[in-house]
Amino acid sequence: MPNILLVEDEAHIANGLVFNLELEGHAVTLVRDGLEAKQLLVDVRREFDLIILDLMLPGMSGLDLCRGMRKHGIFTPVLMLTARSQPKEKVEGLHLGADDYVTKPFNLEELLARIETLLRRARWQQPAPAAGGAVLTFGEARVDFDRFEATVGGEEIKLTPIEFQILRTFQDHEGKVLSREQLLEGAWGFTGPASTRTVDNFIMRLRRAFEADPSQPRHFLSVRGAGYKFVR
């Protein structure tokens, strides 16, 4: 039975989600305050299979909570609930380590489908490392997928879970051209939650992190009209 943490302070949304998630066979822990969720996750280190996290919370915002979790090495999948429809806020959440987002008011069937996708992807990733191995090396870079650690020339590089997953996808398809849609599928699990433009932004972030000259990349190559290719 998947164990889900729901962090939501709006009673009608929280109660409805608890009811429907339990009908789907999930165990649900409900927390209505950001600081209480931080204590449960960061201080107590209670483990969950998925966290459904509202952005606007008393005590601590969902963005700050997500940032703190990732900083403390907690990489539980996070689905953010937000009343904000601006792409800037959504992209910020993804950059901080969220795996998906749903905008309020949401369609219940879509939300449940996204939850199942995240849980399924987590199960797929859990048993074994990436097909190319648990460690990826290229240039002066070393990426350890088991430890969620990355270095360039021995210096630590901070990456989000999505960036690690993009690197895994590139590793598993080294030398092959991947479309933006394929990268979305590999990193997010389905063709969403981000636009293909967001994929371009993540590639630029990886180039700035790993390329000696991001304007003349040697490893993360653009293929005009097709997508991107990774070469060691």
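This report walks through the cores, one helix, the aromatic rings and a few strand pairings of a predicted model.

**Nonpolar cores**

Let's begin inside the protein. The largest nonpolar core has 48 residues. Those with the most contacts inside it are Leu-53, Met-80, Val-143, Phe-170, Phe-210 and Phe-220. Take Val-143 as an example: leaving aside residues up to four places away in sequence, Val-143 touches Ala-134, Val-135, Leu-136, Phe-138, Glu-149, Ala-150, Phe-164, Leu-167 and Phe-210. Another core, of 18 residues, lies apart from the largest one, and among its members are Leu-6, Val-28, Leu-112 and Leu-119.

**Helix α1**

Helix α1 covers residues 11-23. At 1.5 Å a residue, its 13 residues should span 18 Å, and the end C-alpha atoms are indeed 18 Å apart, so expectation and model agree. Which residues of α1 are buried? They are Ile-13, Ala-14, Leu-17, Val-18 and Leu-21. Seen down the axis of α1, these buried residues fall within an arc of 130 degrees, and therefore they line one face of the helix. The face turned away from that buried side carries the exposed residues His-12, Phe-19 and Leu-23. Just after α1 comes Gly-25, with a positive phi of about 95 degrees.

**Aromatic rings**

The model has nine aromatic pairs. In one of them, Phe-220 and Phe-230 have ring centres 5.4 Å apart and planes at 40 degrees; planes under 30 degrees apart would count as stacked and over 60 as edge-to-face, so this pair is tilted. The pair links distant parts of the chain, with Phe-220 in strand β11 and Phe-230 in strand β12, ten residues apart. Both Phe-220 and Phe-230 are buried. They also belong to one aromatic cluster, which they form with Phe-138, Phe-170 and Phe-210. Two members of that cluster have appeared already: Phe-138 and Phe-210 are both touched by Val-143.

**Strands around β12**

Strand β12 (residues 227-230) pairs with β10 (residues 177-178) and with β11. The table sets the two pairings side by side.

| Strand pair | Bridges | Direction | A residue and its partner in β12 |
|---|---|---|---|
| β10 and β12 | two bridges | antiparallel | Leu-178 and Tyr-228 |
| β11 and β12 | four bridges | antiparallel | Leu-221 and Lys-229 |

Strands β11 and β12 form a hairpin with three residues between the strands. What phi does Gly-225 take in this hairpin? Gly-225 has a positive phi near 75 degrees.

Conventions
Residues are numbered from 1 along each chain as its sequence is written. This is a predicted model: local features need pLDDT of at least 70, side-chain atom pairs count only at pLDDT 80 or more; totals for chains, interfaces and linings use all residues. Side-chain values use heavy atoms; hydrogens and water are left out. A nonpolar core is a set of buried Ala, Val, Leu, Ile, Met, Phe, Trp, Tyr and Cys residues joined through side-chain atoms within 4.5 Å. Buried means under 20% relative accessible area, exposed over 50%, partly exposed in between (1.4 Å probe, protein chains only). Contact means heavy atoms within 4.5 Å. The expected span of a helix is 1.5 Å times one less than its number of residues. The arc is that of the directions from the helix axis to the C-beta atoms. Rings of Phe, Tyr and Trp (its six-membered ring) pair if their centres lie within 6.5 Å; planes under 30 degrees apart count as stacked, over 60 as edge-to-face and the rest as tilted. Two strands pair if DSSP finds at least two bridges between them.
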